[in-house]
Amino acid sequence: MTDRYCVFGNPVAHSKSPTIHARFAAITQQDMDYEKRLAPLDGFTASVHAFIAAGGRGANVTVPFKEQAFRLCSRLSQRAERAGAVNTLLFEGEEVLGDNTDGAGLVRDITHNLSFDLTGRRILLLGAGGAARGTLEPLLAAQPASLFVANRSADKAEALAAFFNSVITVNGGNFAKIAGKSFDLIINATSASLAGQTLPLPPGIFAAGSLAYDMMYGKGDTPFMQQARAQGAERCADGLGMLVEQAAEAFALWRKVRPETAAVLADLRTQINA
Ligand code: ATR
């Protein structure tokens, strides 16, 4: 029987996950089906249980259900635990296992697809919401020199930095706190561009050879990429690679086989720019 998977979201119509997973299944010759499931805003848990009852083997979870998914799981991976959010579910008997592949997807895109080594680098993470938090554990595992969390509300950045501060120094504060500092990798994990706003980034924060990475993506350069280029970032990337890599990580968890991502990413890029 064909194994069933899905993505839960609200809205979910825009999701590219079914296209990505169908390609992965074809590449790795897996007998599986992957669909979109619109969960009601007040009915996420019931939707998950209905899918399990219908034979579902696993699922992805997107906005706005990642925190609810975290609470629903009977077991969590360490990175999901630290992220406080779950984007990948695996159903095994009575157990609902939760993982978070977003951060690993980001790190894989940066280190593998963009060939940017994170070891010993100074990282600036912009934003302190759910998207930012999900990336911290995998970013720190890549052994950067330091990581600074900058956010519009300083208290959220400071709390997040304190939670993740470890062998690798993690500091946090508002955007004014990064004036006079420079970084090798600057990641935008804010949702500012959704509101059509740019970030108040002080001049001089992009070090020579730096990479500006926007977790958002779209046709052409995102507003953050345009801003970063204008302020001296040498290289810029959007989050399409992260989307594909987090999916590959989830697929590997479910199917125990890791799909090649390069062709899938290239085709998605062509579609988006068409
Ligand atoms: P997500 O799950 O996408 O991270 P979130 O948890 O609501 O969503 O977090 C949104 C992030 O974008 C926050 O860091 C938020 O800053 P605040 O904590 O100060 O609210 C940031 N953000 C949203 N709009 C912004 C704007 N116009 N300028 C700067 N930061 C913004």
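**View 1. Aromatic pairs in the predicted model.** The count of aromatic pairs comes to eight in this predicted structure. A pair of aromatic rings is described by the distance of the centres and the angle of the planes. Shown here is the pair of Phe8 and Phe51. Their ring centres lie 5.9 Å apart. The planes meet at 85°, so the geometry is edge-to-face, the class for angles over 60 degrees. Phe8 belongs to strand β1, residues 3-9. Phe51 belongs to helix α2, residues 44-53. With their positions 43 residues apart in the numbering, the two rings link distant parts of the chain.

**View 2. The ligand in its pocket.** The ligand occupies the largest pocket. Around the ligand stand 14 residues. Which of them come nearest? Ala131, Asn151, Ser153, Lys156 and Gln197 do. By residue class, the shell splits into four nonpolar, eight polar and two charged residues.

**View 3. Polar side chains at the ligand oxygens.** Three side chains are picked out, each with a polar atom beside an oxygen atom of the ligand. For Ser153 the distance is 2.4 Å. For Lys156 the distance is 2.7 Å. For Arg152 the distance is 2.8 Å. These pairs count as polar contacts because the N or O atoms lie within 3.5 Å. How much of the ligand does the protein bury? Of the 640 Å² that the ligand exposes when taken alone, the protein buries 72%.

**View 4. A cis peptide bond at Pro11.** The bond from Asn10 to Pro11 is cis. Its omega is near 5°. Pro11 sits in the loop between β1 and α1, the latter spanning residues 17-28. Strand β1 also carries Phe8 of the aromatic pair in View 1.

**View 5. A cis peptide bond at Pro64.** The bond from Val63 to Pro64 is cis too, with omega near 5°. Where does Pro64 lie? Pro64 is in the loop that joins β3, residues 56-61, to α3, residues 66-72.

**View 6. Positive phi at Gln29.** Gln29 is not a glycine, yet its phi is positive. The value is about 55°. Gln29 is part of the loop between α1 and β2, a strand covering residues 32-38.

Conventions. Residues numbered from 1 in each chain as written. Predicted model: local features only at pLDDT ≥ 70, side-chain atom pairs only at ≥ 80, totals over all residues. Heavy atoms only, no water. Near = heavy atom within 4 Å. Polar contact = N/O pair within 3.5 Å; in protein donor to acceptor, adjacent residues only side chain to side chain. Areas by Shrake-Rupley, 256 points an atom, 1.4 Å probe, with all protein chains shown as cover. 1 Å grid on protein atoms, 1.4 Å probe; cavity = no way out; pocket = protein on both sides within 12 Å on 5 of 7 lines; lining within 4 Å. Sits in = over half its atoms within 2 Å of the grid points. Nonpolar A, V, L, I, M, F, W, Y, C, P; charged D, E, K, R; others polar. Phe/Tyr/Trp six-rings, centres within 6.5 Å; stacked < 30°, edge-to-face > 60°. Helix = DSSP H or I, 4+ residues; strand = E, 2+ residues; numbered from the N terminus.
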